[in-house]
Every structure is written in structure tokens, then in C-alpha cells.
Amino acid sequence: MGVILIKNNKGGVGKSWISLQLAGCQAYKNKKVLILTSDSQNNILNFAGIKADTSKNGLEDMLEGKAYSLVKLRPNLFFLHLQGYKLKKDYEEKLKEAIKEWKEDFDYIVIDGSPVLGLDNIFMELAEHIIIPTFLDKVTTNSVVQMLRTVDLNKIRVVIPNRVGRTKIEKNCYSFLDERLKKLGKLLTMPISQSAIITNLIDAGSLVWDSKISKLNFIKEIFEDVWREIENE
């Protein structure tokens, strides 16, 4: 049980895709999961192959006491989109209360974090577990190191290298993070490689859990490893 935040201050590292796969893992085990986002692009919908009107009935309307609707992405898996307009000043306590209520209805809440609209700080406060996706380049690796210095280490569970190739720089960055994280008692998963199979899944609006392709088993096991770290806390 708990609130899991997928977080990296650098954009484009695959937070939305990883959030969806992580949530889908539990949904396919008949756990009820809600995905929230602070990303106004609402890429979760595209990755899940779902079309929805994101101009109304989203998180902002909910915080203003208006009607809102959860989008059903898969059995047991739901999403509340962000409408993308500026939140009113008194939203923080309302959001805290809403998440408290949702925790009664859902087994897990997975948050696709993005440092916009002021939501990220409150999500970091409410999160019980933080997962950090990263690229294995110097800039993004430095971003992870900065997070390790500034974010509550008691909440950080796992770092997930994403869209990884076979370059020397990537190998060096992996070794650097692996050594640093082992000293902190944190898990660095095996890298999720760049793959035509994943690209095809994204284009089709499918989750890895929708597919029985054996080549995806390795990626599925990475997400299982993440959940084991969360559940062992």
C-alpha cells in the first residue's frame, strides 16, 4: 500500500511511461491503482491508447469542488488527468485530503511527477516511496546525484536507467551510479534498453503487461524488482 512518486527534475526520461508500467504491474495482479500526474501533456493517456477530453473534469476541477472523472485505462487501473491551468492558492490542503480519501479506495497511488504548477512539492511531501528514472548520460546522472542530496533518502527506493544503448559513456554512468547507490543501500535496476518492441507497444497504446512477447519478460522483471523494493519497506 502507499503513494509512489516517479520523479526526476530532468524532463524526457520516461517518467510517464514508467509510471504507467509500474501501475499496470499491480493492476494486472487485481490491485486497484490510481495514477495522478503533474504533467499537463497527460502522456499516460497516449501510452495507454486512450482518447479523452482533458479540458475538463480533471484534477483542477476536483480541487475546486467541481465534478471530475477518473479515466479507466485497464481493469483496476484508473487515471486522473491534469487540465493544465493555474491552481488556486488553497489547493494544497484539498489535495492532501483527496489523497487521504483515495488511499481508502485504492491499493496504490502512482504519481507521474513533473516540476510544474507547484504540484511537485506537495506530491513529494505526500509520497511514501520515490522512484527515479534516468538516462545514462552525464547531465541526467548529475541530476540523480543532486536528487540524492536534496530529497529525503528515506523515501528513495530505486533508480531505473531508461532507453539505454551500448555506449561507453552509458556504461561509465551506470557503474558510477551503481557504486554510489550501493553505499546508500538503494537499488539501481538493470537498464531498460532502447527497443523496437517498446516503440511498437507505445505506437499501439499497449502496456508491457498487455503483451505475451517473451522478449518483454526481462523488462517486466525490472518492474517486479521495483515493487519488491517498495513492498519490503
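Good morning. Valine 3 of strand E1 has isoleucine 109 in strand E5 as its bridge partner. I begin with that pair because it leads into the surroundings of E1 in this model, which is a predicted one.

Strand E1 covers residues 2-6, and E5 covers residues 108-112. The two strands pair in the parallel sense, with five bridges between them. E1 also has a second neighbour, strand E6, which spans residues 129-134. Three bridges join E1 to E6, and these strands likewise run parallel. Here leucine 5 has isoleucine 130 in E6 as its bridge partner.

How many of the residues of E1 are buried? Five of its five residues are, and the strand is described as mostly covered. The cover extends to both faces: Gly2, Ile4 and Ile6 are buried on one side, while Val3 and Leu5 are buried on the other.

I now turn to two helices. Helix H6 comprises residues 138-150, and helix H7 comprises residues 168-184. Their axes come within 10 Å and cross at roughly 10 degrees. Angles under 35 degrees count as roughly parallel, and therefore H6 is roughly parallel to H7.

Which residues of the two helices meet? From H6 they are Lys138, Thr141, Val144, Val145, Leu148 and Arg149. From H7 they are Cys173, Phe176, Leu177, Arg180, Leu181 and Leu184. Sorted by class, this contact of H6 with H7 has eight nonpolar residues, one polar residue and three charged residues.

To close, I return to the two topics: E1 is paired in the parallel sense with E5 and runs parallel to E6, and H6 lies roughly parallel to H7. Thank you.

Definitions and conventions: Residues are numbered from 1 along each chain as its sequence is written. This is a predicted model: local features need pLDDT of at least 70, side-chain atom pairs count only at pLDDT 80 or more; totals for chains, interfaces and linings use all residues. Side-chain values use heavy atoms; hydrogens and water are left out. Buried means under 20% relative accessible area, exposed over 50%, partly exposed in between (1.4 Å probe, protein chains only). Helices (H or I, at least four residues) and strands (E, at least two) are DSSP runs, numbered from the N terminus. Two strands pair if DSSP finds at least two bridges between them. Axes are lines fitted to C-alpha atoms, for helices over the stretch in contact, and angles run from 0 to 180 degrees between N-to-C directions. Angles under 35 degrees count as roughly parallel, over 145 as roughly antiparallel, 65 to 115 as roughly perpendicular and the rest as oblique. Contact means heavy atoms within 4.5 Å. Ala, Val, Leu, Ile, Met, Phe, Trp, Tyr, Cys and Pro count as nonpolar, Asp, Glu, Lys and Arg as charged, and the others, Gly among them, as polar.
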